[in-house]
Amino acid sequence: MQLDCHSVWLKCLAFIKDNIGEQSFETWFAPIKPTRLENHVLTIQVPSQFFYEYLEEHYVFLLRTAIDKELGKNWKLEYSVVVDNGNQSNQPYTVNMPNKSKRAGQKEYTSPFQLKAIDENFQESNLNSQYTFENYIEGDCNRLARSAGFAVAQKPGITSFNPLMVYGGVGLGKTHLVQAIGNEIKNNLELSNKFILYVSSEKFTNQFIEALKTNRLQEFQNFYLQVDVLILDDVQFLAGKEKTQEMFFHIFNHLHQSGKQIIMTSDCPPRDLMGLQERLLSRFKWGLTADLQQPDFETRIAIIERKMQADGINVPQNVIEYLAHTIDTNIRELEGVLISLIAQASLVRQDLDLNLAKRTLKHVVNNVDADVSIESIQNTVAEHFNLTVSDLKAKSRKKELVTARQIAMYFAKEFTEHSLKSIGYHFGGRDHSTVIHAVQSVNDIITENTDLKPDVLAIEKKLKFKE
Ligand code: ADP
Ligand code: MG
């Protein structure tokens, strides 16, 4: 049967989608077009040189694995990069993708990591070499955890930080930090004989279940007992999984007694880890528990600058500050936005400036500060109803005026931080009870689906997506 590039690529995409985040998938894989499949070469078209470089740097293993799975190991991948004059380049770049290589002198054991196709292509320690201390920005938010991690990395199993438990909300840098510890040990020549293993609790659980099903519990356990530095990410995932916890308890005790280092992360402090056995929790307290906090403004700036510098991209200072101001939830989100922004600039072939940042952010984060002020709300509402701003502030009680005024007050309450009193003041010196009444009336318009509801929704949209 003749293979065609579209169906093969679709299958590759399905596999890739299962293995990366949705935003990264949309940003980096959705824009790719497959163009040819012949002579053991799959050619894909990418929108720019930058795209090609980014894919190569960050997703080469994933692409290789997907192609191995769909076509086999003797197939190559070529990129065709759309060049600036709008024509397609007819000479695709040929790329040599790395092949799986075993490090010499490695112990032979059946690793549970070999149960799943994708794992075979990662290094044995399962570490991502991009996560280092070097690029882990220090701030008040992470000082203790970072320095404890660094100490552990110098003397794994020997400091009193054993186990080391790092906790914090999503996207605050837990995985990065614990992987940095692993990489630091791995890159230390004196410690190069250590067997470091990073594993997420979810993967650990799945491997355990697989071993249970296939009668290979002994092998599973033997594998884990050989580890010198065990990094178990997101232990909250073990909640309620009693059999898995029991196995981990056993492995934990054994490793700890033999002076092996254990590092864990969790999304909450150990005392709040519901569904974990008390005897396991009490073990966690033997070492050090350190938390990661939300980064402050300066740390966010430093993180963005660092990231840009690493990717060799120039971003004006006002854009960096805008991003750091707008996105204060977590670092992962900050990075996600940054990546979309770079991709967007490269797609539309435009410099990354404040305008582009503002426009792009609207699609990425909800309710981005569109600088909504009472004045702009009054302008928008007046314009929508063909009135003037003074009409909204006037004393007149004509029905159309009252409705428009109420809608404007309602949005002033929704979208600004002004008090009821201050809102009343901005509408011709009205009382705060008038504002309460306005808010209630507009709520009624919305819940009772009156004729005015489309107007309210249209205004809301204009306010949210204001240029
Ligand atoms: P968590 O595991 O807590 O959900 P991650 O470790 O995956 O968070 O971090 C999310 C992203 O933010 C990663 O890309 C990581 O590199 C980055 N990051 C987190 N903390 C820092 C930091 N202090 N300096 C630089 N990058 C960071
Ligand atoms: Mg994580």
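Two strands count as paired if DSSP finds at least two bridges between them. Keep that in mind, everyone, as we go through this predicted model.

Let's start with one pair of strands. Strand E7, residues 229-233, runs parallel to strand E8, residues 261-266, and 4 bridges join them. If you'd like a landmark there, pick leucine 230: its bridge partner in E8 is isoleucine 262.

Now let's step back to the whole sheet. It is open and has 5 strands, with parallel pairing, in the order E6-E7-E8-E5-E9. Which strands stand at the edges? They are E6, at 196-200, and E9, at 288-291; each has a single partner strand, so one side of each is left without a neighbour in the sheet. On average, and ignoring direction, neighbouring strands here are turned by 15° against each other.

Next, the helices on this sheet. Helix H4, residues 143-154, packs on the sheet and touches E8, E9 and strand E5, which spans 164-167. The direction of H4 makes about 140° with that of E9. Helix H6, residues 201-213, lies across E6 and E7, and runs at about 90° to E6.

While we're around H4, have a look at the loop between H4 and E5, where you'll find proline 163. The peptide bond leading into proline 163 from asparagine 162 is cis, with omega near 5°. Another backbone spot for your list is histidine 40, in the loop between strand E1 (33-38) and strand E2 (41-46). Histidine 40 is not a glycine, yet it has a positive phi of about 60°. For context, most residues other than glycine have a negative phi, and most peptide bonds are trans.

On to a helix pair. Helix H16, residues 399-415, packs against helix H18, residues 432-447, at an angle of about 100°, and their axes are 8 Å apart. Angles of 65 to 115 degrees count as roughly perpendicular, and H16 and H18 are therefore roughly perpendicular to each other. Who makes the contact? From H16, the residues are Gln406, Ile407, Met409, Tyr410 and Lys413, while H18 brings in a list including Val435, His437, Val439, Val442 and Ile446. Sorted by class, this contact has 8 nonpolar, 5 polar and 1 charged residues.

Finally, the ligand. How many residues surround ligand 1? There are 17, and the closest are Gly171, Thr175, His176, Arg332 and Glu335. Let me walk you through some polar contacts. An oxygen atom of ligand 1 is 2.8 Å from a polar backbone atom of lysine 174. Glycine 173 also uses its backbone, with an N or O atom 3.1 Å from an oxygen atom of the ligand. Asparagine 142 uses its side chain instead: an N or O atom there is 3.4 Å from a nitrogen atom of ligand 1.

Thanks for listening, and I'm happy to take questions!

Definitions and conventions
Residues numbered from 1 in each chain as written. Chains lettered and ligands numbered in written order. Predicted model: local features only at pLDDT ≥ 70, side-chain atom pairs only at ≥ 80, totals over all residues. Heavy atoms only, no water. Helix = DSSP H or I, 4+ residues; strand = E, 2+ residues; numbered from the N terminus. Axes fitted to C-alpha atoms, helices over the stretch in contact; angles between N-to-C directions. Contact = heavy atoms within 4.5 Å. Parallel < 35°, antiparallel > 145°, perpendicular 65-115°, else oblique. Nonpolar A, V, L, I, M, F, W, Y, C, P; charged D, E, K, R; others polar. Near = heavy atom within 4 Å. Polar contact = N/O pair within 3.5 Å; in protein donor to acceptor, adjacent residues only side chain to side chain.
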